[in-house]
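Please open the model in a viewer and keep the selection panel at hand. The tour proceeds by selections, each followed by a description of what is there.

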Amino acid sequence: MSAPLSDHIRQLDQQYSAATYARFAPVLVRGEGCTVWDADGHAYTDFTSGIGVNSLGFADPAWVAAIAAQAGKLAHTSNLFYSVPAAELAQSLCEKSGLARVFFCNSGAEANECAIKAARKYSRDRHGAGRHTILTLQNSFHGRTLAALSATGQDVFHQHFFPFVEGFAYVPANDTAALEARLAQNDIAALMLEPVQGEGGVAALDTGYLQAARELCRRYDVLLVADEVQTGIGRSGRLFAFEHAGIVPDIVTLAKGLGGGLPVGAVLFGERCADTLGRGDHGSTFGGNPVCCAGALAVLARLDDAFLADVTRKGEALRQALAALPKVKSVSGLGLMLGVEFDDGISAADIVRQAQEKGVLFLTAKHKLRLLPPLIISDDDIARGIAVLREILSA
Ligand SMILES: *Cc1c(COP(=O)(O)O)cnc(C)c1O
């Protein structure tokens, strides 16, 4: 294949697609494992996994076989009927998380919408009207729907789309005193937080803060919602990032890595709120889609203890290699979700562009370089990414 196809596709997209995305130049057409090719035949080593989605890399054979088999049998039923993959995925997620029930949707924002609805109903059922505020953290990111944007604690997202959804408040991350003071006002239904703030700059919350938040939420009968849309499903080296703090949230939201490349979101409910949402309270036409759930089952089947231990080992190796590079100020994150802060004057966006020319794909988060490789990344691919960064930073 040659450049004319790429030029043609870029032209079509620029003419006909809504202009919401500043896209990179490559037209990606095929992938295998940790490598993806563009229409001009260039190969790239992938440290993005489609923003934390392709957990098993591109075209994992067992995952492809599972979704192809399900598509050939039954692709969609609606939630008017039982479905084998959705029921089995719900069981697997509950057994692995220790939570009690699951609601399936199609994205991270939708999962958070569902969590917000459930928290408001829980509070109203138990405490009456008016105690409906959803508390989130400054610098958080919870998605692009109006309620998820309202939950997002970054002013940059609070423009253009007024009026936003009412009933959200924000506290600084890692400040237990501020959290307790806000909870004491007795109008909060839920505290929603990301164990590692992803879009906000790959910033892990303090373990002590998470533990204090767990305890305070119990004391005030406020639901603790962990937005694990990005941190969940093995990304942190544990199946769920909340495990690092030894806590169990009341609600956990999942999406990105769960389907291994297919759109599936999930909301896990702990015992306290397992029966809060009842018949007719919520729904989704595509939620629990059999093909997506078959893909998610293939992902979960792979993420056993040995696999997760390897994610931890590779994450540690990557972190050390990054920290040893020239012009690196700090490395943050957990497992294979890492952020790199550079010395002043070095632009992460610039490094992403240079690395792309050298055949390695990275992301940014705020001013940081962000690494979210597929969980199956090999030691050789890690070494290749580091070598390219070293070359760029040494220039
Ligand atoms: C990506 C992300 C979302 C939004 O997920 P979508 O699938 O894009 O709606 C929500 N929360 C967190 C923490 C995310 O990283």
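How close do the axes of helix α4 (residues 84-97) and α9 come, and at what angle do they cross? They come within 8 Å and cross at roughly 35°; axes are lines fitted to C-alpha atoms, for helices over the stretch in contact, and angles run from 0 to 180 degrees between N-to-C directions. The model is predicted: local features need pLDDT of at least 70 and side-chain atom pairs count only at pLDDT 80 or more, while totals for chains, interfaces and linings use all residues. Residues are numbered from 1 along each chain as its sequence is written, and side-chain values use heavy atoms, with hydrogens and water left out. Helices (H or I, at least four residues) and strands (E, at least two) are DSSP runs, numbered from the N terminus.

**First selection: α4 and α9**

The crossing of α4 and α9 is left-handed, a term for a near helix turned anticlockwise from the far one by less than a right angle, with right-handed used if it is turned clockwise. On the α4 side, select Pro 85, Ala 86, Glu 88, Leu 89, Ser 92, Leu 93 and Lys 96; they meet Pro 290, Cys 293, Ala 294, Ala 296, Leu 297 and Leu 300 in α9. Contact here means heavy atoms within 4.5 Å. These residues divide into 10 nonpolar, one polar and two charged. In this classification Ala, Val, Leu, Ile, Met, Phe, Trp, Tyr, Cys and Pro count as nonpolar, Asp, Glu, Lys and Arg as charged, and the others, Gly among them, as polar.

**Second selection: α3 and α9**

Keep α9 (residues 290-302) and add helix α3 (residues 61-73): the two pack at an angle of about 155°, with their axes 8 Å apart. They are therefore roughly antiparallel to each other, the label for angles over 145 degrees, whereas angles under 35 count as roughly parallel, 65 to 115 as roughly perpendicular and the rest as oblique. The crossing of α3 and α9 is right-handed. From α3, the contact includes Trp 63, Ile 67 and Gln 70; from α9, the participants include Gly 295, Val 299 and Arg 302. By class, this contact has 10 nonpolar, two polar and one charged residues.

**Third selection: α7 and α8**

Move to helix α7 (residues 176-183) and helix α8 (residues 207-219), which pack at an angle of about 15° with axes 10 Å apart. That makes α7 roughly parallel to α8. Their crossing is right-handed. Thr 176, Leu 179, Glu 180 and Leu 183 of α7 meet α8 residues including Tyr 209, Leu 216 and Arg 219. The contact has seven nonpolar, one polar and two charged residues.

**Fourth selection: the ligand**

Which residues surround the ligand? They are Ser 107, Gly 108, Ala 109, Asn 112, Phe 141, His 142, Gly 143, Glu 194, Asp 227, Val 229, Gln 230 and Lys 256, counting a residue if one of its heavy atoms lies within 4 Å. A polar side-chain atom of Gln 230 lies 2.7 Å from an oxygen atom of the ligand. Backbone N or O atoms also approach: that of Gly 108 is 2.8 Å from a ligand oxygen atom, and that of Phe 141 is 3.4 Å from a ligand nitrogen atom.

**Final selections: single residues**

Most residues other than glycine have a negative phi, and most peptide bonds are trans. Ile 51, in helix α2 (residues 49-52), has a positive phi of about 60°. The peptide bond from Phe 162 to Pro 163 is cis, with omega near 0°; Pro 163 is in the loop between α6 (146-151) and β6 (168-171). Lastly, select Pro 263, in the loop between β11 (251-254) and β12 (265-269). Not counting residues up to four places away in sequence, Pro 263 touches Asn 106 and Cys 292.

Key: Polar contact = N/O pair within 3.5 Å; in protein donor to acceptor, adjacent residues only side chain to side chain.
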